[in-house]
Amino acid sequence: MTQFRMQLNCPLPELDFDVITMGHGSGGVLTNKLLDDVILNLFSDELENERHDGAQLSLEGNTAFTTDSFVVSPLFFPGGNIGDLAVNGTINDLAMCGAIPQYLSLSLIIEEGLPMTDLWEVLLTIQQCCKQAEVKVVTGDTKVVERGKGDKLFINTAGIGKVHPQADIGINRVQAGDKIIVSGPLANHGMAIMSVREGLEFETEIQTDSAPLHQPVKNLLDEFGSSVHLLRDPTRGGVGTVLNEIARSANLGVNLRQVDIPVDEQVAGACELLGLDPLYVANEGLFLAIVAEDIYEAALGQLRENGFARSACIGEVTDEHLRQVVLTSGIGGRRVVNMLAGEQLPRIC
């Protein structure tokens, strides 16, 4: 399981402990060692070494605020770990509001016994993701729970971002005739996790698609503004569940074309092997854009020019079969894509 762990280019500082103990959550000497030598060591620029109860921020204009918790199992998987999920997940929640992320909080719930090398690797990933996305961790918290009372590490992140001035995004803006664009192939994240859990081996390793999405969303809003009617990232429950939520909330129907839905061959094979439908498998670096009919081709062109070569128009909104999603298969058959009844893949993010 270690073949996909990142190569640490920043060694763990010399510490007099190798694992997390209950003392690291006591608020005493060990807590201060963990904060000073490990966490503040990585995030000192953002936190400015102020050990206050909260951050003071200057905000202008419409602001989006979100929070999310990450409990993925295992912590490390092909292409990522719980750290990049926590940063990218919150960044993407802000992006789906049409916001540019600026600030994050970072709360760690650590189980007693977690090796410091694992925690350090996760924190390094968080640091790198924040730098790449140009967001700052400005406040946080650390708790330790007894051995057996957690599952190594849980992370909560909250995020704040400034809403794009051209954004006019909302379920009330979805209308019949709108086109549904997906930014890339489906189900990579969910199958990357499942390949580790099930010990599956493929000719090519399936990697998570975890990635920040705020820049492509900003590009769309810069050029097409209010013609972008709705944005969603189909994480748990996948594309099928999100489109059902949209159809029900908008009181409209959705038509999907199976031949236009991008799925990598390895992912499709893994889904078939495990009896999973890619439409319901979680994604972490994918978004749906529901856009006005007259700009969808230009929007697709922009996405493809900016690195989203597999983006595609997979269907449209209709005023027929209200509150239902209907898929046309490759041979012309039609079936209803229902809302996912339960949790297909638990602990996926």
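This report walks through a predicted model of one protein chain, from its overall build to a few single residues.

## The chain as a whole

Let us start with the broad view. The secondary structure of the protein chain comes to eight helices and 13 strands. Its C-alpha trace spans about 65 × 50 × 35 Å along the principal axes. A compact globule of 349 residues would have a radius of gyration near 20 Å, and the protein chain has 21 Å, so the two agree.

Of the 349 residues, 51% are buried. The chain exposes about 15900 Å², and carbon and sulfur atoms supply 45% of that area. If you look at contacts between residues at least 6 apart in sequence, 88% of them join residues at least 24 apart.

## Two nonpolar cores

The largest nonpolar core has 79 residues. Within this core, the residues with the most contacts are L119, L123, L153 and M191. Helix α3, residues 116-133, gives the most to this core, with 10 residues.

L119 is a handy place to centre your viewer. Leaving aside neighbours within four places in sequence, L119 is in contact with I20, L34, L108, I110, L114 and L153. One of these partners, L153, is also among the residues with the most contacts inside the core.

There is a second, separate core as well, made of 21 residues. It includes F287, Y296, F308 and C313.

## Helix α2, a covered helix

Helix α2 runs over residues 82-96 and has 15 residues. From its first C-alpha to its last it reaches 21 Å, close to the 21 Å expected at 1.5 Å a residue. The helix is mostly covered, with 15 of its 15 residues buried.

What caps the N-terminal end of α2? The cap is N81, which places a side-chain oxygen 2.6 Å from the backbone nitrogen of G83. Beyond the other end, α2 is followed by G98, whose phi is positive, near 80 degrees.

T90 gives a view from inside this helix. Its relative accessibility is 0%, under the 20% limit, so T90 counts as buried. Apart from neighbours within four places in sequence, T90 is in contact with T66, D68, F70, L104, T157, A158 and G159. Strand β1 covers residues 63-70, so T66, D68 and F70 are contacts that T90 makes with that strand.

## Helix α6 and what follows

Helix α6 covers residues 238-250. At 1.5 Å a residue its 13 residues should span 18 Å, and because the end C-alpha atoms are 19 Å apart, the length agrees. The buried residues in α6 include G238, V239, G240, T241 and V242. L243, N244, I246 and A247 are buried too.

After α6 comes N251, whose phi is positive. This residue is in the loop between α6 and β9 (253-257).

Q324 ties in here from further along the chain. It lies in the loop between β11 (312-318) and β12 (325-328). Its C-alpha atom is separated by 9.4 Å from that of E245, although the two residues are 79 apart along the chain. Leaving aside neighbours within four places in sequence, Q324 is in contact with A247, L252, G253, V254 and V336. A247 is one of the buried residues of α6. Is Q324 itself buried or partly exposed? At 35% relative accessibility, Q324 counts as partly exposed.

## Backbone points to check

Some backbone angles deserve a look, and the table gathers them.

| Site | Angle | Place |
|---|---|---|
| S73 and P74, cis peptide bond | omega about 5 degrees | P74 in the loop between β1 (63-70) and β2 (76-77) |
| N251, not a glycine | phi about 55 degrees | loop between α6 and β9 (253-257) |
| R347, not a glycine | phi near 55 degrees | segment after β13 (334-337) |
| G98 | phi near 80 degrees | follows α2 |

How exposed are the two non-glycine residues with positive phi? N251 is partly exposed, with a relative accessible area of 39%. R347 is also partly exposed, with a relative accessible area of 30%.

Conventions: Residues are numbered from 1 along each chain as its sequence is written. This is a predicted model: local features need pLDDT of at least 70, side-chain atom pairs count only at pLDDT 80 or more; totals for chains, interfaces and linings use all residues. Side-chain values use heavy atoms; hydrogens and water are left out. Helices (H or I, at least four residues) and strands (E, at least two) are DSSP runs, numbered from the N terminus. The expected span of a helix is 1.5 Å times one less than its number of residues. Buried means under 20% relative accessible area, exposed over 50%, partly exposed in between (1.4 Å probe, protein chains only). A polar contact is a pair of N or O atoms within 3.5 Å; within protein, one must be able to donate a hydrogen and the other to accept it, and residues adjacent in sequence count only if both atoms are side-chain atoms. A nonpolar core is a set of buried Ala, Val, Leu, Ile, Met, Phe, Trp, Tyr and Cys residues joined through side-chain atoms within 4.5 Å. Contact means heavy atoms within 4.5 Å. The radius of gyration is taken over C-alpha atoms; the globule rule is 2.2 Å times the number of residues to the power 0.38. Accessible areas come from the Shrake-Rupley method with a 1.4 Å probe; for residues, only the protein chains shown count as cover.
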